[in-house]
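Biologist: Got a minute to go through this one with me? I'd like to start with the strands.

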Amino acid sequence: MNLKKQNEMDSRRYPVQEHMRLQRIEWRIQRIGYLFLFTIVILGACGLFSKGMLSNKRVKSADGALEVEYERFGRLASDMSMTIRIRPQQDGDFRLVLNGEEMDNFQIQSLQPQPQQAFSRGNALELHWSSPRYRDGATVWIGLQAQNPGRYPVTVTLDNKTSVQFTQWIYP
């Protein structure tokens, strides 16, 4: 009677042939895979693929007259928001130009307040507001919906004087 105790980490032939060295390699690969999946889930919850703290971004012009809050990462056919803040203007009139491939890729769902005039030229959308109530500054809210995935550089210009540039990534 053989009562020899077998070490669990040794390769064996009976009852099934095992190669423990390869088994240990497979266990390491599984642990790395678990860590990778856990990292993806945490980054997704933080906004890497859409809304969240990693996606929300604010960019301000050098003179401080223009500030844009936007979502860096978006998803195809999902709603995205853009908030444009304008420093007080002397006469209350201002013109915003949104320029870039974004204008061909995005469908504007909402625009508040409504501009008095709006024009499109090529890849640019020009919006004009004129009212004494804008002397204290203004905030423009734009609701967008992406139509195609990809990387889209955008430029927002205020009165042909100051501008900000940023890039948005749209995932499928």
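Modeller: Sure. Strand β7 (residues 117-121) pairs with β8 in the antiparallel sense, over five bridges. Strands here are DSSP runs of E with at least two residues, helices are runs of H or I with at least four, and both are numbered from the N terminus. Two strands pair if DSSP finds at least two bridges between them.

Biologist: Is this predicted or experimental, and how are you numbering?

Modeller: It's a predicted model: local features need pLDDT of at least 70, side-chain atom pairs count only at pLDDT 80 or more, and totals for chains, interfaces and linings use all residues. Residues are numbered from 1 along each chain as its sequence is written, and side-chain values use heavy atoms, with hydrogens and water left out.

Biologist: OK, back to that hairpin. Which residue takes a positive phi there?

Modeller: G122, with phi near 60°; the hairpin of β7 and β8 has two residues between the strands. Further along, F119 stands opposite E126 in β8.

Biologist: What does β8 pair with besides β7?

Modeller: Strand β5 (residues 93-100), antiparallel again, over seven bridges. In that region D93 stands opposite S130 of β8.

Biologist: And is β8 mostly covered or open?

Modeller: Mostly covered: six of the seven residues in β8 (124-130) are buried. Buried means under 20% relative accessible area, exposed is over 50%, and partly exposed is in between, with a 1.4 Å probe and protein chains only.

Biologist: What's the strand order in the open sheet?

Modeller: β1-β2-β4-β9-β6, five strands with antiparallel pairing. The edges are β1 (56-60) and β6 (106-112), each pairing on one side only.

Biologist: How many bridges between β6 and β9?

Modeller: Six, with β9 covering residues 138-146. Q112 stands opposite W141 in β9.

Biologist: Switching topic: where does P88 sit?

Modeller: In the loop between β4 (79-86) and β5. P88 is partly exposed, at 47% relative accessible area.

Biologist: What is P88 in contact with?

Modeller: Leaving aside neighbours within four places in sequence, R135, D136 and G137; contact means heavy atoms within 4.5 Å. The C-alpha atoms of P88 and L66 are separated by 9.9 Å, and the two residues are 22 apart along the chain.

Biologist: Last one: how far does helix α1 reach?

Modeller: Residues 20-46, 27 in total, reach 39 Å from first C-alpha to last, close to the 39 Å expected at 1.5 Å a residue. That expected span is 1.5 Å times one less than the number of residues. After α1 comes G47, whose phi is positive, near 110°.
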